[in-house]
Amino acid sequence: MGDGHGNTYKGVTLHAPKRWHSVTGKGMCALMWFWVLYRAKQDGPVVLGWRHPWDGHDDHGHGDHGHGH
């Protein structure tokens, strides 16, 4: 246990992560935040209650459909 590689606390040794673990973790964290911010930009007003999901969808073409659908 006392080989000097990592920290031991109450019998559990925590080893330092390898470089690729740290780089991959930071990359995945950045990807997650880009996704969260992208979705917040797209869905933020709906989530915050500023508008309803069905608002603003009246401009799609109805073609020859009647008004009774």
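These are my notebook entries on what I looked up in this structure.

**Model and confidence**

I am working with a predicted model. I checked confidence before anything else: the mean pLDDT of the protein chain is 81, and 75% of its residues reach 70 or more. Going element by element, I found the highest mean pLDDT in α1, at 93, and the lowest in β1, at 85.

**Layout**

I counted 1 helix and 2 strands in the protein chain. Read from the N terminus, the order is β-β-α. The strands are β1 (7-9) and β2 (12-14), and helix α1 takes in residues 19-47.

**Surface**

How much of the chain counts as buried? I got 1% of the 69 residues. For the accessible surface of the protein chain I noted about 6,800 Å², with 63% of that belonging to carbon and sulfur atoms.

I then went looking for nonpolar patches and wrote down one made of Met-32, Trp-33, Trp-35, Val-36, Leu-37 and Tyr-38. Together these residues have about 660 Å² of accessible area. Val-36, a patch member, lies in helix α1. Its relative accessibility is 36%, so I logged Val-36 as partly exposed.

**Aromatic pair**

I searched the whole structure for aromatic pairs and came back with 1. Trp-35 and Tyr-38 form it, with 5.8 Å centre to centre and 35° between the planes, which makes the pair tilted. Stacked would have needed planes under 30 degrees apart, and edge-to-face over 60.

Where do the two partners sit relative to each other along the chain? They are 3 residues apart in helix α1, so about one helical turn separates Trp-35 from Tyr-38. Both also belong to the nonpolar patch. I looked up their exposure too: Trp-35 counts as exposed because its relative accessibility is 54%, while Tyr-38 is partly exposed at 41%.

**Salt bridge**

My salt-bridge count is 1. Arg-39 pairs with Asp-43, and their closest N and O atoms are 2.5 Å apart. The cut-off is 4 Å, so the contact qualifies. As background, side chains of opposite charge can pair when their charged atoms come close.

Both residues lie in helix α1, 4 residues apart, which is about one turn of the helix. Are they buried or exposed? Neither label fits: Arg-39 is partly exposed with a relative accessible area of 31%, and Asp-43 is partly exposed at 30%.

**Kink in α1**

Next I followed the axis of α1. I noted a kink of about 55° at Lys-41. The proline Pro-45 comes shortly after the kink.

**Backbone angles**

I also went through phi values. Lys-10 has a positive phi of about 50° although it is not a glycine. I flagged that because most residues other than glycine have a negative phi. Where is Lys-10? I found it in the loop between β1 and β2. Its relative accessibility is 71%, so Lys-10 counts as exposed.

Another positive phi turned up after the helix. Gly-49 follows α1, and its phi is near 80°. This one is a glycine, so I left it unflagged: the general note on negative phi is about residues other than glycine.

**To keep in mind**

For my own recap, α1 holds the Trp-35 and Tyr-38 pair, the Arg-39 and Asp-43 bridge and the kink at Lys-41. The Lys-10 entry belongs to the loop between the strands β1 and β2.

Terms used. Residues are numbered from 1 along each chain as its sequence is written. Side-chain values use heavy atoms; hydrogens and water are left out. Buried means under 20% relative accessible area, exposed over 50%, partly exposed in between (1.4 Å probe, protein chains only). Patches are made of residues with over 30% relative accessible area and no salt bridge: like charges are joined within 9 Å, nonpolar side chains (Val, Leu, Ile, Met, Phe, Trp, Tyr) within 5 Å. Accessible areas come from the Shrake-Rupley method with a 1.4 Å probe; for residues, only the protein chains shown count as cover. A salt bridge is a side-chain nitrogen of Lys or Arg within 4 Å of a carboxyl oxygen of Asp or Glu. The bend at a residue is the angle between axes fitted to the seven residues ending there and the seven starting there. Rings of Phe, Tyr and Trp (its six-membered ring) pair if their centres lie within 6.5 Å; planes under 30 degrees apart count as stacked, over 60 as edge-to-face and the rest as tilted. pLDDT is the predictor's confidence in each residue, from 0 to 100.
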